[in-house]
Amino acid sequence: MPHAFVTLDVFTKQIFGGNPLAVVFDAATLNDTAMQKIAREFNLSETTFVLPPKHADNTHKLRIFTPVAELPFAGHPTLGTAIALALASSPTQDRAEYRFEESVGVVPVSVSKTPDGVMRAELSVAQRPLNLPDTQPPAVWADILGLEESVVCPGDTQIGLWTCGTPFSFVPVSGLDSLGAAAVDMAGWRQHLNSEETT
């Protein structure tokens with residue numbers, strides 16, 4: 001069965017810039033396996049699938065897949081999907097409001113058009129950012145990032161693991177030179193981190 005879809009470039013005014021996204025409309029007939037296969041076929045960082053909402057107060061249910069797994073929430077796919085829906089329903093409208101049901105809860109998104117015709121979207125996260133304990137010491141992060149241990153967590157800074165549905169580790173380093181020198185070692189990543197943790 002055919003399904004309409006669009007691809008977008010989010011966070012940019014330039015085609016083939018920003019963050020790529022595929023949006024598949026009217027996806028209620030697709031099961032989990034089909035969605036994952038479609039996301040793998042697109043092979044973009046994320047693909048969203050738009051479904052009818054479970055509750056009448058909301059506008060759509062939204063599912064987000066990377067090429068290998070489903071995400072409970074992600075920012076640029078949520079924003080990009082709202083813009084895609086606004087353009088599909090009425091390319092000339094100046095404003096639209098959406099309430100997406102995602103795994104983290106209901107995510108309200110406002111879409112507006114600037115005077116020069118650029119589409120903007122703003123969201124409110126259903127779940128407040130939650131600070132979780134990061135179980136890896138600075139020495140492990142130094143190994144993962146290919147840095148000297150002395151430049152990780154300078155002074156009294158600490159590693160933070162924050163989530164609004166998808167956890168991200170924030171690792172402080174001593175200055176822009178250290179940041180520029182950081183390069184993730186995938187062998188170290190697989191050795192030390194589980195599949196739930198991202199940076």
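The protein chain has five helices and eleven strands in this predicted model. Its C-alpha atoms fill a box of roughly 55 × 40 × 30 Å, taken along the principal axes. Of the 199 residues in the chain, 40% are buried. The accessible surface comes to about 11500 Å², and carbon and sulfur atoms account for 55% of that area.

Contacts show how the sequence folds back on itself. Among contacts between residues at least 6 apart in sequence, 50% join residues at least 24 apart.

Next comes the interior. The largest nonpolar core has 25 residues, and those with the most contacts inside it are V23, Y98, F100, V109 and V111. Two or more residues of this core come from each of β1 (5-10), β2 (19-24), β4 (60-65), α2 (75-89), β6 (95-102) and β7 (105-113). The largest share, six residues, is given by α2.

V111 can serve as an example. Leaving aside neighbours within four places in sequence, V111 is in contact with ten residues listed here: A82, I83, A86, D94, R95, A96, Y98, M119, R120 and A121. A second, separate core has twelve residues, including W141, A142, C153 and I159.

Another residue to look at is Q36, which lies in helix α1 (residues 32-42). Is Q36 buried or exposed? Q36 counts as buried because its relative accessible area is 12%, and buried means under 20%. Not counting residues up to four places away in sequence, Q36 touches F65, T66, P67, V68, A69 and E70.

Charge is the last topic. The chain has 12 positive and 22 negative charges, and the mean positions of the two groups are 10 Å apart.

Terms used
Residues numbered from 1 in each chain as written. Predicted model: local features only at pLDDT ≥ 70, side-chain atom pairs only at ≥ 80, totals over all residues. Heavy atoms only, no water. Helix = DSSP H or I, 4+ residues; strand = E, 2+ residues; numbered from the N terminus. Buried < 20%, exposed > 50% of the residue type's maximum accessible area, 1.4 Å probe, protein only. Contact = heavy atoms within 4.5 Å. Core = buried A, V, L, I, M, F, W, Y, C linked by side-chain atoms within 4.5 Å. Areas by Shrake-Rupley, 256 points an atom, 1.4 Å probe, with all protein chains shown as cover. Lys, Arg positive; Asp, Glu negative; His and termini not counted. Charge placed at Lys NZ, Arg CZ, Asp CG, Glu CD.
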